[in-house]
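The following exercises concern strand pairing, burial and salt bridges. Please work through each task before reading its solution.

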Amino acid sequence: MNRVKVFFWVSCLFVCGCGKVVEIVTRGDLSYHFDAPASVWEETLPLGNGRIGLMPDGGVEQENCVLNEISMWSGSRQNTDNPAAAGALPEIRRLLFEGRNDEAQELMYKTFVCRGEGGGRGNGASLPYGSYQVLGNLRLRYSFNEDAEEVSGYRRELNLDRAVATVSFKKGGTTFRREAFTSFAADLAVIYLCADSEKALNVSISLDRPERYAVSPGGSGLQMSGRLFGGDSLKAPEGIRYGARVRVILPRDGQQIITDDTLLQVKNASEIILLTGMATDYFGKEVNGQLDSLFQAVENKRYEQLKSEHEAAYRKLFSRVRVDFGYVKEKEALPMNQRLEAFQREGNDPSLAALYYQFGRYLLISSTRPGGLPPNLQGLWCHTVQTPWNGDYHLNINLQMNLWPAESGNLAELHLPLIEWTKQQVESGRHTAKVFYNARGWVTHVLGNVWEFTAPGDHPSWGATNTSAAWLCAHLYNHYLYTQDRAYLAGVYPVMKEAALFFTDMLVEDPRSRYLVTAPTTSPENAYVMPGGKRVSVCAGSAMDNQLLRELFQNVTEAAGILGVDGDFVKTLADRQARLMPTTISPDGRIMEWMEPFPESDPHHRHVSHLYGLYPGSEITPEKTPELAAAARKTLEARGDESTGWSMAWKVNFWACLRDGEHAYKLLTDLLRPCTKKGFDYEQGGGTYPNLFCAHPPFQIDGNFGGAAGIAEMLVQSRNGYIEFLPALPAAWQTGSFSGLRVAGGGEVAARWKNGRWQEVGLKAHASGRFRVKLPADRFEMSVALNGKPVSCPVTGGILETGMQPEDVLTIRL
């Protein structure tokens with residue numbers, strides 16, 4: 001048990017009425033381990049610093065460390081214009097409005113898709129669309145004495161508090177230890193090898209990748225360089241250049257390095273430091289110049305200094321949040337693969353959920369950084385040239401889900417890469433809006449990459465979704481809601497306005513209902529059955545589109561009011577919003593997914609897009625729209641719990657928003673189900689790989705981020721105009737605490753509870769404003785303090801309200 005004072009909020013967790021510091025006790029170890037080397041990539045340990053990644057497998061005699069760099073993309077910018085699209089649009093709409101949806105879809109196959117092959121149905125590595133790719137492999141081959149005994153005491157561990165992976169074992173009377181991290185300070189991958197016997201380390205070192213590379217020696221190291229496929233490009237036939245450089249440092253005398261063209265050999269060493277730099281020219285900087293600068297910056301730095309600087313830089317982000325649900329020592333002692341299995345059999349491992357939450361924050365910190373790219377479908381980590389689904393930015397939930405835990409998880413600056421990426425889509429999106437819809441503003445569809453691809457996808461059944469810009473703009477506004485930064489809002493407002501402007505032009509009246517609809521569109525990736533039995537995806541309007549547009553129009557309206565601009569445009573938005581079909585309950589009591597009560601082709605489909613208004617939107621709530629909330633519950637019950645990993649993560653959030661902590665916890669338990677399937681296997685369903693990566697399957701990181709966001713939603717919610725502590729607390733977490741989570745309005749919160757009832761909560765203001773806190777219905781008496789002094793605050797309808805200034809601290813004790 002570690003007793004840790006969490007120093008924040010005027011140097012303490014809570015300032016009670018008496019002015020004493022309340023000490024939080026954190027229990028459990030923020031690490032996980034294995035008792036054997038990784039046998040597959042999904043057992044390796046993910047390291048990353050937001051730009052570069054390293055995944056060592058911990059092999060005893062042969063160790064492979066997979067190298068990644070976030071901009072390692074094939075492909076290039078391309079012409080996606082389809083000159084037939086705008087001309088075919090009126091006919092597509094006519095067919096839809098006449099109920100001939102199947103014919104409209106067939107016409108779209110011929111006319112309303114991007115030029116070329118698009119994303120290649122997820123196989124775009126050798127197409128202009130491109131694919132995120134592995135940078136390469138750093139291979140280490142260890143030689144031991146011939147009479148060395150069998151390995152004993154093997155342990156491979158990832159420590160989330162320090163962002164360091166370690167391996168230790170004993171062989172032939174010698175204890176070997178390895179440490180690895182991707183430095184948040186030096187921007188290099190660092191590997192430290194040591195043995196407690198003199199001259200016991202003998203290692204050969206090499207670099208390679210599946211294609212397009214050359215290796216050359218240089219000084220005490222090797223360099224791998226190459227250029228990726230670019231395609232038939234508007235820019236150049238060849239793609240980005242990349243490089244990886246490994247340098248060997250031997251801290252002690254009497255050690256030997258032998259170099260040939262493609263191999264380094266270190267003999268008779270007791271300590272070895274390997275520094276690996278990685279770079280591409282995606283951002284316009286020459287590769288070798290970047291690598292030279294990285295290595296020059298660490299000249300003469302000892303390993304201890306590199307490690308301490310890395311940990312200090314990392315902890316500035318990670319240590320902001322603490323979560324404690326209790327722990328079972330025997331469960332924490334299990335290797336993670338066994339621990340996941342035990343959790344499914346027996347439950348009773350509360351610290352596993354806390355670890356999983358913090359692992360989600362760890363992955364976000366490790367896979368993106370300000371000034372870089374947002375995390376893709378695999379975050380930062382992949383081990384192939386053709387990454388599943390191109391490792392791209394799917395915009396009908398997946399990219400957005402990656403950032404769900406950013407604001408509540410006190411990592412707001414890690415939202416910025418997505419926000420900047422969104423801004424970069426606008427110019428291309430304007431062109432797409434004009435070419436495909438003859439509309440103003442900007443639009444993007446389902447597929448996104450690093451080359452500003454905004455056109456409809458290569459298959460209308462999923463590629464026709466056109467509200468992705470609206471969903472991205474929700475993230476732009478959400479960042480404002482949590483930070484209250486008006487200067488930031490002024491900077492993103494034009495992006496939000498132009499996204500709304502597109503829909504003021506694109507929306508068209510359906511003559512059957514007189515509602516304005518998005519036509520053509522889909523309910524993402526799902527299909528319905530028409531009268532007569534045909535399975536069709538394309539439609540005129542969908543529940544998700546309407547929910548997204550209401551949210552976009554409302555957010556633009558609020559932003560315009562805050563900034564004092566665009567009064568006439570706001571009136572136009574109000575007119576369009578009033579003419580959208582409201583979220584509607586079907587005759588069977590569920591939320592309607594389409595404008596008509598079509599039966600789903602797959603009743604248990606992984607996408608539950610028509611509940612966007614429940615989460616991440618806030619249109620549906622048990623308090624404000626109880627009938628819709630009840631219909632949402634029935635919708636979820638019919639959809640079922642079993643699904644892909646990321647879908648189950650989404651459902652954790654749904655049930656938390658319905659204030660059903662037990663069902664949310666049940667979905668979290670399902671999400672943590674051990675999964676060994678590595679290919680595309682929807683039938684098996686999703687879960688969690690041994691290294692805690694989410695299994696779609698295959699690996700998709702959005703499930704990790706969605707699961708982390710869901711845990712935060714179970715602990716505190718603030719999307720309904722007030723802060724609600726423990727809204728969906730399950731029985732498994734009856735006693736616990738958290739600190740450092742963030743809430744809308746510019747606040748930071750903490751809570752401590754026992755037997756399911758909170759004892760003390762705290763709120764620190766980071767922006768001036770009025771804050772509202774929902775109090776427990778069963779409260780008997782309470783004490784309230786502001787900055788350590790007792791205060792009286794008005795309570796109306798069970799909600800306490802008070803004005804606060806930056807750095808003010810409010811505490812409530814029951």
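Arg430 has a relative accessible area of 39% and is therefore partly exposed; the term covers values between buried (under 20%) and exposed (over 50%), with a 1.4 Å probe and protein chains only. The model is a predicted one, in which local features need pLDDT of at least 70 and side-chain atom pairs count only at pLDDT 80 or more, while totals for chains, interfaces and linings use all residues. Residues are numbered from 1 along each chain as its sequence is written, and side-chain values use heavy atoms, with hydrogens and water left out.

**Exercise 1.** Determine with which residue Arg430 forms a salt bridge, and where the two partners lie.

Solution. Step 1: apply the criterion, a side-chain nitrogen of Lys or Arg within 4 Å of a carboxyl oxygen of Asp or Glu. Step 2: the partner is Glu498, with the closest N and O atoms 2.7 Å apart. Step 3: Arg430 belongs to helix H11 (residues 426–437) and Glu498 to helix H14 (residues 486–506), so the pair links distant parts of the chain, 68 residues apart. Helices (H or I, at least four residues) and strands (E, at least two) are DSSP runs, numbered from the N terminus.

**Exercise 2.** Characterise the contact between Lys534 and Asp102, and state whether each residue is buried or partly exposed.

Solution. Step 1: the two side chains meet in a salt bridge of 2.8 Å, N to O. Step 2: Lys534 lies in the loop between strand E22 (528–529) and strand E23 (535–536), whereas Asp102 is in helix H2 (residues 101–111), 432 residues apart. Step 3: Lys534 is partly exposed at 49%, whereas Asp102, at 17%, counts as buried.

**Exercise 3.** Establish how strand E6 is paired and how far it is enclosed.

Solution. Step 1: strands pair if DSSP finds at least two bridges between them. Step 2: five bridges join E6 to strand E5 (residues 52–56), antiparallel, and Pro56 stands opposite Cys65 in E6. Step 3: six bridges join E6 to strand E7 (residues 136–142), also antiparallel; Glu63 has Leu140 as its bridge partner in E7, and Leu67 has Gly136. Step 4: the open sheet has seven strands in the order E4-E5-E6-E7-E12-E17-E16, with E4 (47–48) and E16 (256–259) as its edge strands, each pairing on one side only. Step 5: seven of the eight residues of E6 (residues 62–69) are buried, so the strand is largely enclosed by the rest of the structure.
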